[in-house]
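Q: Could you take a close look at one helix and the sheet that goes with it, and then follow the connections outwards? I would like the cut-off behind each term as it comes up.

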Number of protein chains: 2
Amino acid sequence: MPKYMDVHDGFFGVTAEELRAAHDADLAIEGEEGVHFERAWLDPEAGKVFCLATGPSKEAVMRIHKRAGHPTPEVYELSVEV
Amino acid sequence: MPKYMDVHDGFFGVTAEELRAAHDADLAIEGEEGVHFERAWLDPEAGKVFCLATGPSKEAVMRIHKRAGHPTPEVYELSVEV
């Protein structure tokens, strides 16, 4: 199953609880697209969130994030990992 | 120990072997700054590399990457993880 990293901007000052709630919103519906969000990391000073996911396509990852309320156009397919 | 994500641009068409070599160059000297690069992921079509690291500071991570031949100004401190 391909792996993806997506990047979100503008999450300045977001708390751990808020990131958890956003991640839970993804987890609640991800199965409908065969996606799984493994982990999310936040830099609240830079407003950046990175999500590591698996799924059938980049578009499936984008659709889940959009439906969960935090769309991003920036999704990368990670074909190489070391 | 704080965790960091750094992002590199311009790695278009890089192979698994080349990413491994770049990662090994980090691993060879990372101990000198108390840094550890846990993982690196590549999207060769977008030319993006993401590295997950631990270390004492963002600057320490940047110094190792610079000395290993692949500097980047884009390093984020991941104070929250879910």
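A: Glu17(B), Asp24(B) and Ala28(B) are exposed, on the side of helix α1(B) that lies opposite its buried residues; exposed means that 12 or fewer other C-beta atoms lie within 10 Å of a residue's own, buried means 20 or more, partly exposed is in between, and the C-beta atoms are placed from the backbone. The model is predicted, and local features therefore need pLDDT of at least 70 and side-chain atom pairs count only at pLDDT 80 or more, whereas totals for chains, interfaces and linings use all residues. Residues are numbered from 1 along each chain as its sequence is written, while chains are lettered from A and ligands numbered from 1 in the order in which they are written.

The buried residues of α1(B) are Ala22(B), His23(B) and Asp26(B). They cover an arc of only 95° around the axis, an arc of the directions from the helix axis to the C-beta atoms, and this puts them on the same side of α1(B). These buried residues pack against β2 and α2 (58-67) of chain B, where two residues are in contact if their C-beta atoms, placed from the backbone, lie within 7 Å. Helices (H or I, at least four residues) and strands (E, at least two) are DSSP runs, numbered from the N terminus. The length of the helix can be checked as well: α1(B) comprises the 14 residues 16-29, which at 1.5 Å a residue should span 20 Å, and the 21 Å between its end C-alpha atoms agrees with this; the expected span is 1.5 Å times one less than the number of residues.

The sheet beside this helix draws on both chains. Its 5 strands form an open sheet in the order β5(A)-β2(B)-β3(B)-β1(B)-β4(B), with antiparallel pairing, and two strands count as paired if DSSP finds at least two bridges between them. At the edges are β5 of chain A and β4 (75-77) of chain B, each of which pairs on one side only. Helix α1(B) packs on the sheet, touching β5 of chain A together with β2 of chain B, and its direction makes about 160° with that of β2(B); the axes are lines fitted to C-alpha atoms, for helices over the stretch in contact, and angles run from 0 to 180 degrees between N-to-C directions.

Going across the sheet from the chain A edge, β5(A) is joined to β2(B), residues 36-43, by 2 bridges, and the two strands run antiparallel. Within this pair, Val80(A) has Leu42(B) as its bridge partner, and Glu81(A) has Trp41(B). On the next step, β2(B) and β3(B), residues 48-54, pair in the antiparallel sense over 7 bridges. Here Trp41(B) stands opposite Phe50(B), and Arg39(B) stands opposite Leu52(B). The hairpin of β2(B) and β3(B) has 4 residues between the strands, and in it Gly47(B) takes a positive phi near 70°.

Beyond β3(B), 6 antiparallel bridges join it to β1(B), residues 3-8, with Lys3(B) opposite Thr54(B). The sheet then passes from β1(B) to β4(B), an antiparallel pair with 3 bridges, in which Tyr4(B) stands opposite Glu77(B).

A pairing across the chains also involves β2(A), which is joined by 2 antiparallel bridges to strand β5 (residues 80-81) of chain B, with Val80(B) as the bridge partner of Leu42(A). Within chain A, 7 antiparallel bridges join β2(A) to β3(A), and Trp41(A) stands opposite Phe50(A).

These cross-chain strands belong to a wider interface, in which 21 residues of chain A are in contact with 21 residues of chain B. On the side of chain A that touches chain B, at least two residues each come from α1 (16-29), β2 (36-43), β3 (48-54), β4 (75-77) and β5 (80-81) of chain A. The largest share of that side, 5 residues, comes from β2(A). By residue class, the side of chain A that touches chain B divides into 13 nonpolar, 2 polar and 6 charged residues, where Ala, Val, Leu, Ile, Met, Phe, Trp, Tyr, Cys and Pro count as nonpolar, Asp, Glu, Lys and Arg as charged, and the others, Gly among them, as polar.
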